[in-house]
Amino acid sequence: VQLQASGGGLVQAGGSLRLSCAASGISFNIHDMSWYRQTPGKQLELVARITSSGRTNYADSVKGRFTISRDNAKNTVYLQMNSLKPEDTAVYYCNAQRRSMSGITDNYWGQGTLVTVSS
């Protein structure tokens, strides 16, 4: 299983970036896909999730600015980030998760991509 995240970089406040995460080795269309982020000394934070059926949810801090989407034909999940703020600076991680009646059956992580927003 491989989750290859890309698209991070340095951007000025107010700018935009689009992160991509290409999955291989899993049945992508049956997994919930999420983006998490982490800054030094802080816990991992769920940024956005899109379920296998297409339902989305977002952290309050990014609602209205970030959009998560998926392309099942390309086995890829995206995170469009607009109106970026310095507090969005973090390493962003892609996650693939599958749930069943008995709980979480699959849980995979990508390598992370660094987003730096300058003020």
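A residue counts as buried when its relative accessible area is under 20%, as exposed when that value is over 50%, and as partly exposed in between. The structure discussed here is a predicted model, and the points below concern an open antiparallel sheet of 4 strands together with two loop residues, Asn75 and Ser83, each of which has a positive phi without being a glycine.

**The sheet**

- The 4 strands of the open sheet follow the order S1-S3-S8-S7, and their pairing is antiparallel.
- Strand S1 (2-6) and strand S7 (66-71) occupy the edges, and because each has a single partner strand, one side of each is left without a neighbour in the sheet.
- On average, and with direction ignored, neighbouring strands of this sheet are turned by 15° against each other.
- Strands of a sheet pair through backbone hydrogen bonds, in either a parallel or an antiparallel manner.

**The pairing of S7 with S8**

- Strand S8 covers residues 76-81 and runs antiparallel to S7, to which 6 bridges join it.
- Within this pairing, Ile68 has Leu79 of S8 as its bridge partner.

**Loop residues with positive phi**

- Most residues other than glycine have a negative phi.
- Asn75, in the loop between S7 and S8, has a positive phi of about 55°, and its relative accessibility of 25% falls between the two cut-offs, so Asn75 counts as partly exposed.
- Ser83, found in the loop between S8 and strand S9 (90-100), has a positive phi of about 50°, and because its relative accessibility is 41%, Ser83 likewise counts as partly exposed.

Terms used:
Residues numbered from 1 in each chain as written. Predicted model: local features only at pLDDT ≥ 70, side-chain atom pairs only at ≥ 80, totals over all residues. Heavy atoms only, no water. Pairing = 2+ DSSP bridges. Helix = DSSP H or I, 4+ residues; strand = E, 2+ residues; numbered from the N terminus. Axes fitted to C-alpha atoms, helices over the stretch in contact; angles between N-to-C directions. Buried < 20%, exposed > 50% of the residue type's maximum accessible area, 1.4 Å probe, protein only.
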